[in-house]
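Visitor: Could you take one part of this model and go through it closely, contact by contact? I would like the cut-offs stated along the way.

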Amino acid sequence: MEMESGCDLFDKLKNGFLSFKSHKYMENLECYQALAKGQAPKFMVIACADSRVCPSTILGFEPGEAFMVRNVANMVPTYESGPSETNAALEFAVNSLEVENVFIIGHSCCGGIRALMSMQDKAESSSFIRSWVIVGKNAKLSTKAASSNLSFDQQCTHCEKESINNSLLNLLTYPWIEEKVKKGMLSLHGGYYDFVNCTFEKWTLDYKGSIMNGKNRVVVKDRLFWC
């Protein structure tokens with residue numbers, strides 16, 4: 001029965017691939033042949049690994065339009081934190097592909113943020129999850145300061161958005177990112193997908209305003225709400 005279940009799962013994937021090949025690939029053969037020679041995406045997307053929040057499905061990205069990396073809670077560590085798959089992807093996207101936009105997308109009911117908000121400050125743990133989500137510690141602290149009167153679930157929702165802004169500020173710790181932002185060659189954006197109500201918020205980091213704030217708190221502009 002287990003073998004049959006496994007076959008059924010891969011039969012579904014096989015049918016999905018064959019459908020893609022006949023209805024997408026073959027009908028847009030020229031486009032895919034061009035992509036085989038290289039990519040020039042306008043977006044670098046950093047999204048959560050959560051299976052419910054695929055950026056291509058939600059926002060309609062087609063192949064070649066967005067270079068993506070997905071991790072737990074869509075976080076960006078600081079430049080000083082050292083190598084990770086996320087900043088390796090950032091380096092390639094910004095310096096080699098020369099994307100024009102970095103888009104960090106968070107979402108509702110994020111398990112990574114819930115783990116961050118639940119962990120004890122001084123607790124020691126060998127957990128990989130804890131070692132990763134600690135990247136968002138500043139978002140947790142500012143959430144606790146701003147919304148201590150709210151329920152834990154409400155605090156988590158607040159922190160989901162605060163963590164996006166924390167990662168936007170962390171992007172500015174990368175010299176080659178800040179240089180391009182300063183020159184107007186690169187824009188940094190945040191997005192929040194509420195899959196409970198199917199709404200999407202988008203905002204853009206205001207670099208000059210954030211600099212005046214000492215890069216301690218993000219200033220945003222061009223906020224949009226899609227519903």
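Guide: Leaving aside neighbours within four places in sequence, Lys180 is in contact (heavy atoms within 4.5 Å) with Val94, Asn95, Glu98, Met185 and Leu186. This is a predicted model, in which local features need pLDDT of at least 70 and side-chain atom pairs count only at pLDDT 80 or more, while totals for chains, interfaces and linings use all residues. Residues are numbered from 1 along each chain as its sequence is written, and side-chain values use heavy atoms, with hydrogens and water left out. Lys180 belongs to helix α9, residues 175–182, where helices are DSSP runs of H or I of at least four residues and strands are runs of E of at least two, numbered from the N terminus. With a relative accessibility of 14%, Lys180 counts as buried (under 20% relative accessible area, against over 50% for exposed and partly exposed in between, with a 1.4 Å probe and protein chains only). Its partner Asn95 lies 85 residues away along the chain, yet their C-alpha atoms are separated by 9.7 Å.

Another group of buried residues surrounds an annotated site. UniProt, in an unreviewed entry, places the feature "binding site" at Cys48, Asp50, His107 and Cys110, with positions given in the numbering used here and annotations that may be inferred rather than shown by experiment. These four residues span 63 residues in sequence, but no two of their C-alpha atoms are more than 9.1 Å apart, so they gather at one spot. His107 sits in strand β3, residues 101–107, and is buried at a relative accessible area of 1%. Beyond the residues up to four places away in sequence, His107 touches Cys48, Asp50, Val53, Asn74, Glu160, Tyr192, Tyr193 and Phe195. Cys110 lies in the loop between β3 and α5 and is likewise buried, at 4%; with the same sequence neighbours left out, Cys110 touches Cys48, Ala73 and Glu160. Val53, in the loop between β1 (43–48) and α3 (55–59), is buried at 6%, and its contacts outside that sequence window include Cys48, His107, Tyr193 and Phe195.

Glu160, touched by His107 and by Cys110, also takes part in a helix packing. Helix α5 (residues 111–118) and helix α8 (residues 152–171) have axes that come within 9 Å and cross at roughly 110°, the axes being lines fitted to C-alpha atoms over the stretch in contact and the angles running from 0 to 180 degrees between N-to-C directions. That makes α5 roughly perpendicular to α8 (65 to 115 degrees, with under 35 roughly parallel, over 145 roughly antiparallel and the rest oblique). On the α5 side the contact is made by Ile113, Arg114, Leu116, Met117 and Ser118, and on the α8 side by Phe152, Asp153, Gln155, Cys156, Cys159, Glu160 and Ser163.

Helix α8 is also packed against helix α7 (residues 137–146), with axes that come within 8 Å and cross at roughly 135°, and the two helices are therefore oblique to each other. Here Asn138, Ala139, Lys140, Ser142, Thr143, Lys144 and Ala146 of α7 meet Gln155, His158, Cys159, Glu162, Ser163 and Asn166 of α8.
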